[in-house]
Amino acid sequence: MLLAVDVGNSEMAIGLFDGPRLVDRWRVATVSGRTPDEYGLLLGGLLGDHRVTAAAVASVVPAVTRSLRIALADLVEDDVLVVGAGIKTGMPMNLDNPREVGADRVANAVAAKDRIGSPAIVVDFGTATTIDVVDATGAFRGGAISAGIAISLEALVESTSALHRVDLAVPEHAIGRNTTEAIQSGMLFGFAGLVSGLIDRVRAELGTDAAVVATGGFARQVAPLLSMACVVDDNLTLYGLRSLFDRNQ
């Protein structure tokens, strides 16, 4: 079995694969101060009696990457792949500096190409909202990065005296009749507009209506609000890690 670990700034998505099939998944908070022993106990508790032979890691938090490397070396029987410069992706990286691209973005692009074909556009609604583009030739062309919904709301509340934190549920109307609805409208409809506009621009540059797939914590809330059809895949990054591990064996 393969253990796939996607370390984001806020959360870690952990998936267990039996061959190509995702048989279990978990989400835990990302805590950069955890020691290798603590990660070993956490992962060991989640895995139970499962026999894990290998692991693949995509991480945007260097301190967690170091601890996970040590913990996984004791947990898995064979290889631990950490996504980074020099690994085989199976796609050309048509970028100015491929080393700058986050490991999660690489995994997302690989998974999109494998699962929906190319051209494809990936929207990841995580701590940052990212858009990644696979062109018609199957090459990773780059994308766009903006602040994520949660940190935008946090910045709004922290920077204003009269506004408060709200539950980010989709409101019935764009015109909020109270402060809570107004914030919900601005955050969810606003980000839907931002992402829809970026996708329109990307499609215009590609010269084709590339398929769109969304993932990340707010994908199921925002994807239905976009102005174009969008498939939601909560496990896209984990499937990308599965593919990247296979490509590097």
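**Exercises on a predicted model**

In this predicted model, residues 24 or more positions apart account for 58% of the contacts in the protein with a separation of 6 or more. The exercises below concern overall form, one sheet and the largest pocket.

**Exercise 1.** Determine how the radius of gyration of the protein relates to the globule rule.

*Solution.*
Step 1. List the secondary structure: the protein has 7 helices and 10 strands.
Step 2. Compare the two values. The radius of gyration is 19 Å, close to the 18 Å that the globule rule gives for 249 residues, so the protein is as compact as a globular protein of that length.
Step 3. Add the dimensions along the principal axes: the C-alpha atoms fill a box of roughly 55 × 45 × 30 Å.
Step 4. Consider burial, with a cut-off of under 20% relative accessible area. By this criterion, 47% of the 249 residues count as buried.

**Exercise 2.** Establish the strand order of the open sheet of 5 strands and describe its pairings.

*Solution.*
Step 1. Write the order, S8-S7-S6-S9-S10; the pairing is mixed.
Step 2. Identify the edges. Strand S8 (140-147) and strand S10 (231-232) each pair on one side only.
Step 3. Examine S6 and S7. These strands run antiparallel and are joined by 6 bridges, one partnership being that of Ile 121 with Val 133 in S7. The two strands form a hairpin with 2 residues between them.
Step 4. Proceed to S7 and S8, which are antiparallel and joined by 7 bridges. Thr 130 has Ile 145 in S8 as its bridge partner. This hairpin has 5 residues between its strands, and Gly 138 in the turn has a positive phi of about 90 degrees.
Step 5. Turn to the other edge. Strand S9 (residues 211-215) pairs with S10 in the parallel sense over 2 bridges, and Ala 214 has Val 232 in S10 as its bridge partner.
Step 6. Assess the enclosure of S7: 6 of its 7 residues are buried, so this strand is largely enclosed by the rest of the structure.

**Exercise 3.** Characterise the largest pocket by its volume and the classes of its lining residues.

*Solution.*
Step 1. State the volume: the largest pocket holds about 590 Å³ of space.
Step 2. Locate the centre. Of the 32 lining residues, Gly 8, Asp 104, Asp 124, Gly 126 and Thr 127 are the closest to it.
Step 3. Assign the lining to elements. Those giving two or more residues include strand S1 (2-7), helix H3 (103-116), strand S6 (120-125), strand S7 (128-134) and helix H7 (236-247).
Step 4. Sort by class: the lining has 11 nonpolar, 12 polar and 9 charged residues.

Note on methods:
Residues are numbered from 1 along each chain as its sequence is written. This is a predicted model: local features need pLDDT of at least 70, side-chain atom pairs count only at pLDDT 80 or more; totals for chains, interfaces and linings use all residues. Side-chain values use heavy atoms; hydrogens and water are left out. Two strands pair if DSSP finds at least two bridges between them. Helices (H or I, at least four residues) and strands (E, at least two) are DSSP runs, numbered from the N terminus. On a 1 Å grid over the protein atoms alone, a cavity is a set of points where a 1.4 Å probe fits but cannot get out, and a pocket is an open set with protein on both sides within 12 Å along at least five of seven lines; lining residues have an atom within 4 Å of a point. Grid points are joined across faces, edges and corners, and a volume is the space filled by probe spheres set on the points. Ala, Val, Leu, Ile, Met, Phe, Trp, Tyr, Cys and Pro count as nonpolar, Asp, Glu, Lys and Arg as charged, and the others, Gly among them, as polar. The radius of gyration is taken over C-alpha atoms; the globule rule is 2.2 Å times the number of residues to the power 0.38. Buried means under 20% relative accessible area, exposed over 50%, partly exposed in between (1.4 Å probe, protein chains only). Contact means heavy atoms within 4.5 Å.
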